[in-house]
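Trainee: Could you take one part of this chain and walk me through it slowly? I'd like a close look.

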Amino acid sequence: MPMANNSINQIIVCGAGTMGSGIAQLAATAGFKVIQFDLSKEMLEKSGKSIELSLQKFLAKGKLNEEEFNKIVTNITYTTQLDTCKGDLVIEAIVEKKEAKIGLFNQLFALNGPDLIVATNTSSISIDAIASSISFPAQLVGLHFFNPAPLMKLVEIIKGKATNTMIVQQMVDLALLMQKTPVICKDAPGFIVNRVARPYYLEAMYMVQKGIITIEQADAVLEAAGFKMGPFKLMDLIGLDINYSVSSIVWEDLGKPERLKPSEIQKAQIDQGALGIKTKKGFYEYN
Ligand SMILES: NC(=O)c1ccc[n+]([C@@H]2O[C@H](COP(=O)([O-])OP(=O)(O)OC[C@H]3O[C@@H](n4cnc5c(N)ncnc54)[C@H](O)[C@@H]3O)[C@@H](O)[C@H]2O)c1
């Protein structure tokens, strides 16, 4: 089994969407040099802007000073060129598709060699299933941040059958350095939070589909009951495409139980390109 790297200096964050942007910000704030890679130049530009905006808020609250702000901003470089992605650790937050993640990891291993640690932010894809098709399975670990990554404390760390135990410990240390709360999980469908939370979304959509409640009612009632966000507002924040993919993967991996069947009304929204806040339209509309 290859030995884990003891020192992580350069982190490559793959994907510059909702999660990749927040993760790059966290890594840079923890003092790492970060390369953010995405196929889309537009997404990289959007990520850069959203990181600066988020850091401005920390600055305004006195949680950062000017010097720290500048240091964090200069810690991150942005690229669409995979061949410039050389580093010690990859944190992957690209599309929720197994084949895309496998292809990316194998290209990055070819570029960086067998000591590269590859951490996936997948919400639902089995770590063992990815590991079975990558060049160095012991180097793969799940590192699951929550949305918005700069604010949410929990990080699920998923140890696959092949994952090097030292890498799991390195991810715990990394999460602590990022001031997060790491929890080591088994590689079970949906890990912990996404498994337990599935009915929160699915049952709410089913009740709307059946005309029992409205979207607004569902959100208002659940929030009044103490949940921080109602299910529809939360799905818009997550991204309907991501939420639907997670539901589909968990449903399939659990043997397609009727109670966890992905929602038709969510699929219809996705087919219309209404993906939530990121497209300014989901269950609600945004400016
Ligand atoms: N959205 C959430 O609330 C949330 C929470 C936790 C984990 N996740 C997981 O994080 C990952 C990313 O989710 P997201 O919401 O940030 O998605 P997103 O749709 O906001 O962004 C995905 C980004 O990946 C880029 N991309 C797609 N294929 C690529 C490739 N082959 N190489 C490089 N870049 C590529 C896209 O251009 C896009 O910018 C998924 O695995 C998802 O399950 C999402």
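Trainee: How many residues does helix α10 have, and how far does it reach from its first C-alpha to its last?

Mentor: Bear in mind that this is a predicted model, where local features need pLDDT of at least 70, side-chain atom pairs count only at pLDDT 80 or more, and totals for chains, interfaces and linings use all residues. Residues are numbered from 1 along each chain as its sequence is written, and side-chain values use heavy atoms, with hydrogens and water left out.

Now, α10 covers residues 240-253, so to speak a DSSP run (H or I, at least four residues), numbered from the N terminus. The helix has 14 residues and reaches 20 Å, close to the 20 Å expected at 1.5 Å a residue (that is, 1.5 Å times one less than its number of residues). Buried here (under 20% relative accessible area, 1.4 Å probe, protein chains only) are Leu-240, Asn-243, Val-246, Ser-247, Ser-248, Ile-249, Val-250 and Trp-251. Those buried residues pack against α7 (193-209), α9 (231-238) and α11 (264-271), with contact meaning heavy atoms within 4.5 Å. After α10 comes Gly-255, whose phi is positive, near 85°.

For the wider setting, the domain assignment (automatic or from a database) gives domain 1 (10-185) and domain 2 (195-279). Their centres, taken over C-alpha atoms, are 26 Å apart, and 7 residues of domain 1 are in contact with 9 residues of domain 2. As for salt bridges (a side-chain nitrogen of Lys or Arg within 4 Å of a carboxyl oxygen of Asp or Glu), the rule finds 0 across that interface.

Notes. Helices (H or I, at least four residues) and strands (E, at least two) are DSSP runs, numbered from the N terminus. Buried means under 20% relative accessible area, exposed over 50%, partly exposed in between (1.4 Å probe, protein chains only).
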